[in-house]
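The exercises below are meant to be worked through with the sequence and the coordinates side by side. Try each task before reading its solution.

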Amino acid sequence: MVYLPSEIILQILREVGYGIAPFLRVNSQWFGCGISLVWRYTRSWLLARVAKHRRQIYASATRSLDIDIYRGPDNRLEEFSDLSFPKLEILLIDYGTKHEGTLVDISYLKCYLHQGITDIHLTGAFHPQLLSLLPVVCPQLQGVFISSSGPLLKSEILLEYLEKSPSLSTIQINCEEIDTNHLLHHLATRKHLETLRLEGIIDTDAMTSLTTSSLFQALQKLVISVTAAALPTLCDVVQSVRHLDLTLKEPPGSDSSSSFDSSALRHVSKLVKLQNLNLVVWGDMRILNEDLLSLRSLTQLRDFSISGLSAMSLIAPRLEDTDFAELFDNFGQLESLTFEIYHPRITTDSLMSLGKCCPSLQHCEMMGFYDMAAFRYEKLPLFPKLEALSIGAFTNMERMFSYRRPYDHVRQLEKHFPNLKELDCTFRTFPIVEDDFPEKVLQAWWGRQAKAKKAKP
């Protein structure tokens with residue numbers, strides 16, 4: 001039998017996808033290549049189903065293993081302790097709450113914890129002593145993810161572990177018992193920290209601890225919740241960040257319907273290296289045009305999302321078509337947009353401007369009612385790459401001589417959104433939409449999509 005190069009076999013198997021099973025039976029070479037794909041990411045309960053004498057074959061191919069201790073028998077770690085996982089790079093252990101306050105025998109972990117581990121996820125009530133082992137047995141660890149720890153894990157213990165693990169470039173901490181403010185100064189001074197995700201709300205007290213210069217030197221991605229008062233300092237010290245997932249909140253105990261000043265947008269606009277911005281305002285905000293337009297400085301944005309708690313949380317009462325066009329004129333590289341700001345003065349002209357300003361847009365979600373008949377005057381497709389569109393609703397009342405039939409709107413959708421695969425109307429602009437016209441447009445468009453799929457050979 002002629003043997004193909006392994007690279008070609010792997011490419012064939014990747015193309016096959018879910019139908020890979022029959023190909024594993026071609027010969028030993030195809031089997032060896034196939035299990036490197038099928039068992040690359042696996043869970044402990046799947047491995048437990050394999051006959052004991054064959055488990056090592058699949059363990060040798062595993063690069064990511066998810067162990068759910070609380071979902072299986074207590075001896076699951078012990079059951080696999082005689083196996084070897086030479087290629088294991090990512091280890092996820094979920095202790096749940098069943099083992100709270102107890103330490104699983106370390107000898108059962110030795111087969112998993114070795115120098116090749118790059119990322120480890122610890123979830124549930126694991127014993128803090130486990131952290132003391134990681135710097136020794138996993139010296140090249142790059143990412144640590146700690147979530148929902150038990151009460152035994154204290155800020156001091158976690159800080160001691162972080163100080164002994166200089167190689168970490170990705171840190172995610174989601175622990176109710178941990179005071180993230182206490183850790184912030186250490187995290188800010190780490191020279192190689194590239195990705196940081198913190199649960200809890202960072203306030204001004206945490207910001208006052210950042211007294212040294214050259215903070216967050218290598219930080220590329222930040223997921224964080226911050227108070228309005230702490231936001232200016234935060235934006236000053238994370239100038240290198242490319243991806244920002246920011247939630248604006250008030251401290252615990254504050255009114256849940258807090259109102260924020262739109263000047264907060266001016267502080268975010270200083271982060272001119274941003275490529276991805278996801279801003280969530282946990283309250284109400286009446287947005288001034290000049291504050292929203294300050295975001296024009298973020299010229300490298302590829303993904304832009306701004307949203308509030310409800311449809312009417314964020315309001316830009318004076319935003320007009322010219323302002324909208326001015327804002328997005330600077331976002332020529334934009335690929336994804338979620339713009340959940342209520343703007344009563346915006347018309348279909350803004351949607352047309354968006355297509356002209358952002359030709360690479362693939363995903364778009366906006367409030368408002370839009371008259372697609374206005375697109376009939378444009379010759380070239382305005383959204384050549386858009387695959388998903390969600391708007392408030394379609395309307396045929398914006399222009400006096402609009403086409404009245406749903407199909408006429410569908411024709412404009414097919415012309416100016418040639419790659420559209422998902423279309424939705426959220427009806428969030430008004431609490432009640434009495435006209436059934438938007439639903440007719442949707443049904444007509446989806447009907448034509450279904451027919452087009454059937455017609456393909």
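**Exercise 1. At what angle do helix α13 and helix α14 pack, and how far apart are their axes?**

Solution. The model is a predicted one. Two packed helices are described by the angle between their axes and the distance between the axes. Helix α13 spans residues 321-328 and helix α14 spans residues 348-357; the angle between them is about 15 degrees, and their axes lie 9 Å apart. Angles under 35 degrees count as roughly parallel, and α13 and α14 are therefore roughly parallel to each other. Their crossing is right-handed.

**Exercise 2. Identify the residues through which α13 and α14 meet, and sort them by class.**

Solution. From α13 the contact takes D321, F324, A325 and F328, and from α14 it takes D349, S350, S353, L354 and C357. Sorted by class, this contact has 5 nonpolar, 2 polar and 2 charged residues.

**Exercise 3. Determine how much of α14 is buried, and then describe the surroundings of L354.**

Solution. Begin with the helix as a whole: α14 is mostly covered, with 8 of its 10 residues buried. These are T348, S350, L351, M352, S353, L354, G355 and C357. The buried residues of α14 pack against α13, and also against the strands β15 (336-339), β16 (363-366) and β17 (369-370). Turn next to L354, which lies in helix α14 and has a relative accessible area of 0%, so that L354 is buried. Leaving aside residues up to four places away in sequence, L354 touches F324, F328, L337, L361, C364, M366 and F383. The C-alpha atoms of L354 and A325 are separated by 6.9 Å, although these residues are 29 apart along the chain.

**Exercise 4. Which residues of helix α6 are buried, and what do they pack against?**

Solution. In helix α6 (residues 129-137), the buried residues include L130, L131 and L134. They cover an arc of only 100 degrees around the axis, which puts them on the same side of α6. The partners of the buried residues of α6 are β4 (119-123), β5 (143-147) and α7 (155-163).

**Exercise 5. Where does F216 lie, and is F216 buried or exposed?**

Solution. F216 is found in the loop between α9 (204-208) and β8 (221-226). Its relative accessible area is 5%, and because buried means under 20%, F216 is buried. A further point concerns the backbone: most residues other than glycine have a negative phi. F216, which is not a glycine, nevertheless has a positive phi of about 45 degrees.

Technical notes. Residues are numbered from 1 along each chain as its sequence is written. This is a predicted model: local features need pLDDT of at least 70, side-chain atom pairs count only at pLDDT 80 or more; totals for chains, interfaces and linings use all residues. Side-chain values use heavy atoms; hydrogens and water are left out. Axes are lines fitted to C-alpha atoms, for helices over the stretch in contact, and angles run from 0 to 180 degrees between N-to-C directions. Helices (H or I, at least four residues) and strands (E, at least two) are DSSP runs, numbered from the N terminus. Angles under 35 degrees count as roughly parallel, over 145 as roughly antiparallel, 65 to 115 as roughly perpendicular and the rest as oblique. A crossing is left-handed if the near helix is turned anticlockwise from the far one by less than a right angle, and right-handed if clockwise. Contact means heavy atoms within 4.5 Å. Ala, Val, Leu, Ile, Met, Phe, Trp, Tyr, Cys and Pro count as nonpolar, Asp, Glu, Lys and Arg as charged, and the others, Gly among them, as polar. Buried means under 20% relative accessible area, exposed over 50%, partly exposed in between (1.4 Å probe, protein chains only). The arc is that of the directions from the helix axis to the C-beta atoms.
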